[in-house]
Protein chains: 2
Amino acid sequence: MNADRIGPSRSGGARRELLEAALSIIREKGYAATSVDELCAEAGVTKGAFFHHFRSKDALAVAAANHWSEITGAFFESAAYHKHSDPLDRVLGYLDFRKAMLKGAIAEFTCLVGTMVQEAYGTSPEIRAACEASISGHAAKVAADIADAMKHYRIRAPWTAESLALHTQVVLQGAFILAKAKGNAKVAEASIDHLRRYVEFLFRRKKT
Amino acid sequence: MNADRIGPSRSGGARRELLEAALSIIREKGYAATSVDELCAEAGVTKGAFFHHFRSKDALAVAAANHWSEITGAFFESAAYHKHSDPLDRVLGYLDFRKAMLKGAIAEFTCLVGTMVQEAYGTSPEIRAACEASISGHAAKVAADIADAMKHYRIRAPWTAESLALHTQVVLQGAFILAKAKGNAKVAEASIDHLRRYVEFLFRRKKT
DNA sequence: GACTACATACCAACTGGTCGGTACTCTGCG
DNA sequence: CGCAGAGTACCGACCAGTTGGTATGTAGTC
């Protein structure tokens, strides 16, 4: 089909391999410390392939952020907490889900775009924007459930659904940093517990 | 004799200059992207001076983290919120103080060790440990006031003073990331507002 | 033949780090 | 006091390895 002329070619296995390699390596060592050669080695392709698919290392980073948005978007979309009919249950279920995800090696549960934006916000507007879009896009989905919950429970408050949704992302990103600093996820779990307690308070829900 | 202080009578000046340069450059571009040459240029010293004072770039990072602990330790020690006799006022005053600090360029109010640990947790145990010590050391001071407040208000709770103190650091670190992603500090302010509301709730204090 | 999707070889610039040298200070001894 | 000698602080040329990026070639497909 000639229909899909927009965007880069979708047939390349190399592109996908490089993107996948970027997710794991950058989350482990950070963006700047990850070299193009390393990415190529992990993906099993050569440098020619890399620069065939991406104009530059920065372009790979932008593509990786977008890829991350797609991956995580699909992942959360299919999670069970969406089934709750009570929107507040969906919000709390989301937090429980995020807490349950804190398993395995640190690099496996931390956030690619949170890691990248920290290094690139001052040097690459494109990367910064892609990371911002990823975080805000995810937050918007959380905000939708929060807004429904506010409506359902008739919450009138000085805060907005959007700001609370962003606060959940703030807590998660901060939890990842503390987990990295301490070398384990316990501190992150405890922080999500605090966040959950806060949300329960805002919606006047008794602890179950 | 030469009464004018010609020459390098300012001993240890290079070390301090390098540390100071590290604080500003690493917060702007991240650790890996900061080169030794760049540090030297900013500090106005040569590479010989750098490796005279620090065994390696990583050693500089560890020293910078410790320097950061001292600087911020002294800074918060002298802040006005310590004057409150009510320990809860000290805790809330701390949060207000942190919120008020969110002015100027992003690199000027963000946290050096939070930035560094993100990049170095997997590659340098020494840097990770130094960053962890900095964060935990600061959290311990906050925890002391929280513990006093719990005693004073006779709070019995499933959470500890330490975990709440770490939660404040989680929120702050996360707030910095979102601020970097969005390019401004408003989201960080909003998140600290949420955190303050949570603390007020935990201590059953009415909004003033 | 034109185009895609790579592979290979290569490069200039830059990287962290080394090393021999210099200028100055501090210490101790006579 | 003078003065040798050890030590400290710093300089800047230099090094080997690595960096992101490029130029060219080529096998397969339309």
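This passage describes how two protein chains meet each other and a DNA strand in a predicted model.

The arrangement of the two copies is a good place to start. Chain A superposes on chain B after a rotation of 180° with 0.0 Å of shift along the axis, and the RMSD of that fit is 0.0 Å. The two copies are thus related as by a two-fold rotation axis. For a reader who would like to find this axis on screen, A:G174 is a handy marker: of the residues of chain A, A:G174 comes closest to the rotation axis, with its C-alpha at 1.8 Å.

The contact between the chains draws on 42 residues from chain A and 42 residues from chain B. On the side of chain A that touches chain B, two or more residues each come from α1 (13-29), α7 (112-120), α8 (125-152), α9 (161-182) and α10 (186-202) of chain A. Among these helices, α9(A) gives the largest share, 16 residues. Sorted by class, this side of chain A holds 21 nonpolar, 14 polar and 7 charged residues. Because 100% of the interface residues of chain A are also interface residues in chain B, the copies meet through the same surface.

Attention now turns to the DNA. DNA strand D is surrounded by 20 residues, and the closest are A:S35, A:K57, B:A14, B:G48 and B:A49. Both chains take part in this surface: α2 (36-43) and α3 (47-53) of chain A, along with α1 (13-29) and α3 (47-53) of chain B, each supply at least two of its residues. The largest share, 4 residues, comes from α3(B). The surface near DNA strand D is made up of 6 nonpolar, 9 polar and 5 charged residues.

The interior can be described next. The largest nonpolar core contains 128 residues, and the members that touch the most other members are A:A65, A:M116, B:A65 and B:M116. The surroundings of B:A65 can be listed in detail. Leaving aside residues up to four places away in sequence, B:A65 touches B:L112, B:V113, B:M116, B:I127, B:A130, B:C131 and B:S134.

Helix α8 of chain B also includes B:E126. This residue counts as partly exposed, because 14 C-beta neighbours lie inside 10 Å, a number that falls between the limits of 12 or fewer for exposed and 20 or more for buried. When residues up to four places away in sequence are not counted, B:E126 touches B:D58 and B:V62. The second of these contacts joins distant parts of the sequence: B:E126 and B:V62 are 64 residues apart along the chain, yet their C-alpha atoms are separated by 6.7 Å.

Two arginines of chain B deserve a look for their backbone angles. B:R154 is not a glycine, but its phi is positive, at about 50°. B:R154 sits in the loop between α8 (125-152) and α9 (161-182) of chain B, and B:R154 is exposed, with 6 other C-beta atoms within 10 Å. Phi of B:R204 is likewise positive, near 55°, in a residue other than glycine. The place of B:R204 is in the segment that follows α10 (186-202) of chain B. With 9 C-beta neighbours inside 10 Å, B:R204 also counts as exposed.

Terms used. Residues numbered from 1 in each chain as written. Chains lettered and ligands numbered in written order. Predicted model: local features only at pLDDT ≥ 70, side-chain atom pairs only at ≥ 80, totals over all residues. Least-squares fit on C-alpha atoms with pLDDT ≥ 70 in both. Contact = placed C-beta atoms within 7 Å. Near = placed C-beta within 6 Å. Nonpolar A, V, L, I, M, F, W, Y, C, P; charged D, E, K, R; others polar. Core = buried A, V, L, I, M, F, W, Y, C linked by C-beta atoms within 7 Å.
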